[in-house]
Amino acid sequence: RKFLLLLLLICSFKLLFFPLSPYYFIGQYIRTYNERYHELEKTGRTHAELMEERAKEKCERIWTEQLFRRSPGSESSPNFVVVSGVAGIGKTTMVQKIMFDWARGTHYQRFAFVFLFKFRELNLLDTETEPQQPLTRLIARHYKYLYDDRLKEILQKPESLLFVLDGLDEYKHKLDFTQRKLCSNPDDYFPVHILITSLVRRTLLKGCSVLITSRPTALEELDMERVDRFAEILGFFPEQRLMYFKKFFGDTDLGSEAFKYVEENAILYTMCFNPSYCWIICSVLKNHFMKPEEEQGATPRTVTELFVMFLHNILTNHRRETEDQRGILVKLGKMAYYGVDNRILVFYDKMEMSTFGLQPALASPFLSGFLKEILQRESTLEHTTYTFYHLTLQEFMAACSFYLDSSGSVKEVLAKLDSCKDGRFEIFTKFIAGLARSSVFETLGGILGEFERMTAKTILEWVKKNARKALRCGDKSEALRVCHWLFETQNEKLIRDAIGKDLKMVFNHMILSPLDCAVLGSVISCCGELETEHEETGTRAHLLQNCQVSHKTFMSLVLLFVNSRQFHSSFFSLLHSVLIRSSTSLLPPVWK
């Protein structure tokens with residue numbers, strides 16, 4: 001335990017700087033994890049809804065140390081716990097906190113031993129030379145100081161053992177809970193994924209406890225009926241976001257100023273529930289706000305602009321370390337796109353890094369300096385793995401590669417976007433649309449060289465064609481989706497051409513988040529007057545009649561209009577239609 005504590009102290013700085021947010025026990029319920037919408041948007045909406053008092057009543061707030069505690073009214077403590085959360089929300093940091101607290105002796109003392117396994121490492125164990133192995137060997141490979149006799153003694157008391165399995169979404173195998181032949185003896189040989197399934201099914205080391213962490217999109221693999229407790233990490237709450245900004249900037253006033261800017265931008269504020277996004281946003285804004293006012297450029301308004309500024313800052317800081325920044329970024333972007341296309345989040349040094357020509361450059365000053373701000377490096381079991389710091393960063397680098405490399409077949413990619421309906425390319429699509437701007441070419445072109453302008457033209461034509469089609473098909477969700485694309489382009493002419501003069505936009509009976517309202521408000525402002533008609537009578541009606549928005553969303557909408565430079569009557573039609581939806585429910589309690 002002392003040996004483990006020493007290792008965890010090395011990484012404990014993460015726990016000090018990234019305050020762990022509360023977890024919510026959601027309860028037992030059936031949930032469909034459709035990848036149609038990107039996790040950021042889905043969880044952003046969920047997070048906004050949970051801020052409302054009525055939604056809070058559905059959840060129980062619990063803390064990391066309470067995951068295996070008995071709930072009031074329950075006869076026994078949970079043995080199988082699943083913690084879900086989107087990329088970058090803090091699942092692995094939570095696992096580190098659990099290990100640290102146990103090793104330090106402050107929590108989880110009911111367990112004599114806690115074994116941590118990362119699914120990305122387990123991917124390397126099922127090989128042709130060793131397709132099967134016993135649980136005892138699996139443990140001994142990770143914990144070499146546990147000798148055979150000592151390990152056998154430990155396994156004699158399974159009720160005192162906790163197995164922590166981090167990152168189910170990174171596992172290449174599917175856990176088959178219908179499997180009839182399971183393992184019951186820790187010395188018997190089985191494939192690793194069968195050993196994991198046997199632990200969860202409690203045929204192996206019956207009585208032990210298991211904790212699995214996963215992104216929501218991988219939970220369909222689990223038999224949720226066997227889960228004793230399901231919790232979801234929701235990320236930062238408003239007061240925690242402000243605290244993070246102040247700590248990051250190291251200056252309370254400067255941090256508060258930057259946070260105020262973010263609060264007024266529904267796009268950025270929606271992203272701030274995620275600690276990883278907070279880090280990226282703060283990195284960009286700190287560089288901006290610490291300059292003299294006369295040297296400050298434009299602040300980011302869209303997700304694309306945010307990541308462009310993030311990349312520009314890193315490239316500027318490491319500009320002298322290599323002559324071929326562009327070439328390395330093209331290779332990195334191609335690997336990123338391969339990962340997005342194939343749902344791969346973990347890249348191995350002797351596999352993908354080698355295939356895409358990055359392995360020879362791993363020792364270069366540029367990669368060691370630049371990529372450490374893009375990729376996480378982890379060496380275990382004689383292998384080195386790399387992951388992008390956030391899935392959205394991977395998607396951004398993937399989109400960039402098509403503007404940096406003329407050999408990339410943009411038309412093939414666009415055809416794939418047309419045919420793929422599972423949502424894996426949702427944010428990637430926003431990025432390739434948002435990058436097709438002259439301001440981006442100017443910002444990054446000074447460092448990386450000329451961008452492919454024909455690529456931009458092809459992509460914008462595709463965006464306009466698909467936007468026109470989606471806005472006229474009658475599918476409200478699809479129309480809202482393409483409005484997000486159009487917003488990323490910040491191209492008023494393109495938006496006007498896509499919407500046209502005779503478009504009827506109806507988003508009634510929909511639940512709209514502050515993010516949706518900000519996007520719709522911006523898109524509408526590019527078009528001047530919009531005529532909307534009532535679906536039944538054909539008379540003029542309201543754009544958002546019978547849509548559902550919270551008081552917080554409505555106030556965000558008002559703030560957007562107040563900060564807007566133009567006040568088209570379509571703005572007021574939008575506000576009026578929301579007010580007609582409920583004349584009193586949107587008012588603060590003191591006004592009712």
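**Exercise 1. Find where E294 sits in this predicted model, decide whether it is buried or exposed, and name the patch it belongs to.**

Start with the location: E294 falls in the loop that runs between α13 (275-289) and α14 (303-317). Next, check the cover. The relative accessibility of E294 is 68%, and the cut-off for exposed is over 50%, so E294 counts as exposed. Finally, look at the charges around it: E294 joins D251, D253, E257, E293 and E295 in a negative surface patch.

**Exercise 2. Work out how strand β7 is covered, which way its side chains point, and how it pairs with β3.**

Take the cover first. β7 spans residues 229-233, and five of the five residues are buried, so the strand is largely enclosed by the rest of the structure.

Now for the directions. In a regular strand, side chains alternate between the two faces of the sheet. In β7, R229, A231 and I233 point one way, while F230 and E232 point the other way. Both sets are buried.

Last step, the neighbour. Strand β3 (residues 80-84) pairs with β7 in the parallel sense, over four bridges. To pin down one contact, pick V82: its bridge partner in β7 is F230.

**Exercise 3. Place Y143 in the fold, say whether it is buried or exposed, and give its distance from L116.**

Y143 belongs to the loop between α7 (135-142) and α8 (148-155). Don't let the loop fool you: Y143 has 9% relative accessibility, so it counts as buried. As for L116, it is 27 residues from Y143 in sequence, and the two C-alpha atoms are 9.6 Å apart.

**Exercise 4. The model has 18 salt bridges. Go through R301–E305, K493–D497 and D341–R424, and ask how exposed each partner is.**

*R301 and E305.* The closest N and O atoms of this salt bridge are 3.0 Å apart. R301 is partly exposed, with a relative accessible area of 41%, whereas E305, at 12%, counts as buried.

*K493 and D497.* Here the side chains meet at 2.9 Å, N to O. Both residues lie in helix α24 (residues 492-499), and they are four residues apart, about one turn of the helix. K493 counts as exposed at 54% relative accessibility, and D497 as partly exposed at 28%.

*D341 and R424.* The closest N and O atoms in this salt bridge are 4.0 Å apart. This pair links distant parts of the chain: D341 is in helix α15 (residues 325-342), and R424 is 83 residues away in the loop between α19 (410-419) and α20 (426-434). D341 is buried, with a relative accessible area of 15%, while R424 is partly exposed at 23%. There's one more step, since D341 and R424 belong to a network of salt bridges that also takes in R343, K416 and D422.

**Exercise 5. Describe how covered strand β10 is, then identify how it pairs with β8 and which residue partners F347.**

Begin with the count: β10 (residues 383-388) has five of its six residues buried, so the strand is mostly covered. Then turn to the pairing. Strand β8 (residues 347-348) runs antiparallel to β10, and they pair over two bridges. For F347, the bridge partner in β10 is Y386.

Note on methods. Residues numbered from 1 in each chain as written. Predicted model: local features only at pLDDT ≥ 70, side-chain atom pairs only at ≥ 80, totals over all residues. Heavy atoms only, no water. Patch = residues over 30% accessible without salt bridge, like charges linked within 9 Å, V, L, I, M, F, W, Y side chains within 5 Å. Areas by Shrake-Rupley, 256 points an atom, 1.4 Å probe, with all protein chains shown as cover. Lys, Arg positive; Asp, Glu negative; His and termini not counted. Charge placed at Lys NZ, Arg CZ, Asp CG, Glu CD. Buried < 20%, exposed > 50% of the residue type's maximum accessible area, 1.4 Å probe, protein only. Pairing = 2+ DSSP bridges.
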